[in-house]
Amino acid sequence: MKEGSRTVGELTVKGNIVKKLPRKTVVAENDTAIFCVELSHSCKNITWTKNGQELKPNDRTTITVSGMRHVLTIRECKWEDIGEITLLADDSRTSTQFNLTNDKSLEAKLFPDFQHKGYCKTETSVTLAWSLPEDEPPVPVTGYIIEKKKIGSNTWTRCHSENVVVQEFTVRGVTEGGDYQFRISSINNFSQKPKASIKTPLQEVEVTAGEDATFTIELSTVAPGLWFLNGKAIESSESHIMQRTKNTHTLIIKKVRSIDNSMEVKFVASCVESLARLRVKEFRFVNKEKSKRVVTAACGVLAELAAETNDIHAKVQWYKNGKEVKPLKTFTVESKGKEHRLIISAAQKEDEGTYTIIITAQLMEMHFTFADAAVKFVNKPKTPVEVVATASESLELPCEVSAASAVVTWRKDQKEVKQDQRITIISQGTQRKLVINKMQQSDQGHYTCVANDDRLTFQVKIKGNDCSATILKKSTTQTEYAASVGEKVTLVCEVSHSTVQGNWYRHGQEMKQSKVVGVESEGATRRLVLHNNVEAKDGGDYVCEAAGEKLIFHVTVTGECCQAKSNGPKMEKYLDPPRTLRLNLMVKLANLSFRTWRQRMEVTMFVKQRERS
């Protein structure tokens with residue numbers, strides 16, 4: 001090669017970028033600029049920059065990704081937005097010189113997605129044919145620009161003067177044997193006025209949890225737009241499906257959840273936007289307090305578990321011990337309106353367990369228990385059985401049930417009897433027995449053997465362990481008492497044993513310990529004490545009853561009780577010490593005794609005939 005000569009060649013480097021940015025991008029001020037790059041495969045580090053500074057999403061700038069396509073959108077473009085826009089994908093990059101213009105004429109937008117359909121050539125002409133990509137550009141195409149350049153040249157030359165509106169064109173004036181490159185650009189009205197406006201705005205959508213929610217907006221003209229959920233831009237995916245038919249945009253949110261309630265859905269196109277809310281109806285259980293949480297059924301009997309929801313459209317699922325219940329011969333699932341039932345046609349032992357009904361995020365548990373056949377007592381008497389036991393000896397209360405597997409409990413005066421050192425509970429076959437050793441007076445009462453569906457009652461009475469009567473010395477015991485008004489009376493009764501309980505009665509009513517009556521028990525002695533201030537009305541018969549035996553006492557109260565009444569006015573007297581105060585009181589009965597009190601302290605009285613002071 002001679003000195004000073006040079007060789008020109010082209011170097012092609014294969015990178016990750018399949019569809020790159022154009023060299024220049026120009027839009028009108030306040031319009032929207034869209035930068036689109038497509039990669040051949042995904043990479044870890046992808047960054048958009050302007051003049052070397054990383055771009056971050058804001059109220060005017062949006063960055064979205066759809067598959068291998070990366071899109072940067074700048075709305076309401078301002079002069080500070082101009083500069084070199086670059087996409088960095090690992091070690092690959094593509095850039096465009098972004099600028100604004102005040103010219104409102106049509107601007108050419110390059111879409112590197114044309115599909116080459118073929119060409120036909122002659123010696124001086126080439127016929128080209130093409131089509132738009134399957135994913136139609138975001139703005140409608142109004143025409144095309146076809147350019148050519150020779151291989152090795154840096155200059156592109158336009159091949160026509162008029163607008164080309166069809167997807168086929170014949171390029172004339174080519175040199176036979178020449179190598180050419182051809183470039184096809186689309187023309188649109190993206191920068192033209194008037195801008196798009198909202199014809200039909202977004203409307204609030206209400207759905208139930210688990211259903212799809214569809215939002216639709218209609219613009220006045222065909223224009224691209226972006227969807228936002230709670231202020232965050234989204235892209236088309238399996239959960240968010242975006243559709244566009246001419247000037248109508250649709251967003252479908254798949255299988256909404258309860259937590260999506262009140263979600264903000266926004267659509268932005270050019271300089272306009274529309275906002276709406278997503279409302280999610282939440283299903284819940286109602287009238288829980290009326291639902292049976294525990295259901296019991298006998299063998300072969302139909303059992304039903306039921307629940308009520310707040311909406312007829314609620315769909316529920318039944319689970320048993322964590323596993324879903326499927327409709328079988330044994331189980332039937334019914335839903336009528338708001339009522340939901342799980343029916344067990346013929347209950348068996350294996351049907352026992354915890355059943356759960358689930359509606360969206362709520363659940364309610366119910367328990368089914370299997371009941372044995374009804375238990376009855378054999379040869380049960382119609383009235384309670386009376387049993388008389390002797391103190392310090394043993395007592396047996398036997399009964400027989402209809403099934404050997406029957407479980408019974410023993411109760412005394414409604415309190416459950418537990419086995420201890422003195423009490424033994426026996427269960428042999430169908431025989432049930434309660435054994436009490438060393439009977440005490442406190443063991444007296446009503447004993448009941450309780451089964452699931454039946455009960456048997458014993459009335460136990462205790463008597464002394466000797467052959468004499470329970471109440472001793474009846475013939476020698478003082479039963480007649482005489483007392484004057486204001487005196488104290490004590491009635492005494494001797495019983496056979498210290499464990500014998502003695503009760504006192506008057507006019508058929510048992511007398512209890514009180515301020516005026518004392519009931520005392522000391523060893524084998526039982527006392528009834530009528531405290532001071534006995535009145536004439538306290539006279540009469542008193543009965544001491546012990547282990548079924550009775551002893552009657554008669555009290556006679558003598559004397560007359562009077563109350564002094566003053567017919568004169570109330571008198572108040574104030575004295576300075578040492579003075580003497582004399583109070584005169586006239587009474588009709590000369591033999592009447594009385595006492596005088598001052599501030600709860602007795603005062604000494606000097607008595608004269610017919611006048612007492």
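## Exercises: salt bridges and cores

**Exercise 1.** In this predicted model, Lys 433 forms a salt bridge with Glu 396. Work out which strands hold the two residues, and how exposed each one is.

*Solution.* Start with the pair itself: the closest N and O atoms of Lys 433 and Glu 396 are 3.7 Å apart. That passes, because the cut-off for a salt bridge is 4 Å. Next, place the partners. Lys 433 sits in strand β40 and Glu 396 in strand β36, so the bridge ties together parts 37 residues apart in sequence. Finally, check the surface. Lys 433 has a relative accessible area of 28%, which makes it partly exposed. Glu 396 is partly exposed too, at 48%.

**Exercise 2.** Which strands each supply at least two residues of the largest nonpolar core, and which residues have the most contacts inside it?

*Solution.* Begin with the core as a whole: it has 24 residues, and those with the most contacts inside it are Leu 397, Trp 410, Leu 434 and Val 460. Now go strand by strand. β35 (385–390), β36 (395–400), β40 (431–436), β41 (445–450) and β42 (455–463) each put in at least two residues. Of these, β42 gives the most, with four residues. As background, nonpolar side chains tend to be buried together in soluble globular proteins.

Then zoom in on Val 460. Skip its neighbours within four places in sequence, and its contacts include Val 387, Leu 395, Leu 397 and Tyr 447. Met 439, Asp 443, Gln 444 and Gly 445 are also in contact with Val 460.

**Exercise 3.** Sort the partners in the salt bridges Lys 512–Glu 510 and Glu 522–Arg 527: exposed or partly exposed? Then find the network that includes Glu 522.

*Solution.* Take Lys 512 and Glu 510 to start with; their closest N and O atoms are 3.2 Å apart. Lys 512 has 55% relative accessibility, so it counts as exposed. Glu 510, at 34%, is partly exposed.

Move on to Glu 522 and Arg 527, whose closest N and O atoms are 3.2 Å apart. Glu 522 comes out exposed at 53%, while Arg 527 is partly exposed at 22%.

Last step: look for further partners. Glu 520, Glu 522 and Arg 527 are linked in a network of salt bridges. For the wider picture, a search of the whole structure turns up 18 salt bridges.

Conventions. Residues numbered from 1 in each chain as written. Predicted model: local features only at pLDDT ≥ 70, side-chain atom pairs only at ≥ 80, totals over all residues. Heavy atoms only, no water. Core = buried A, V, L, I, M, F, W, Y, C linked by side-chain atoms within 4.5 Å. Buried < 20%, exposed > 50% of the residue type's maximum accessible area, 1.4 Å probe, protein only. Contact = heavy atoms within 4.5 Å. Salt bridge = Lys/Arg side-chain N within 4 Å of Asp/Glu carboxyl O.
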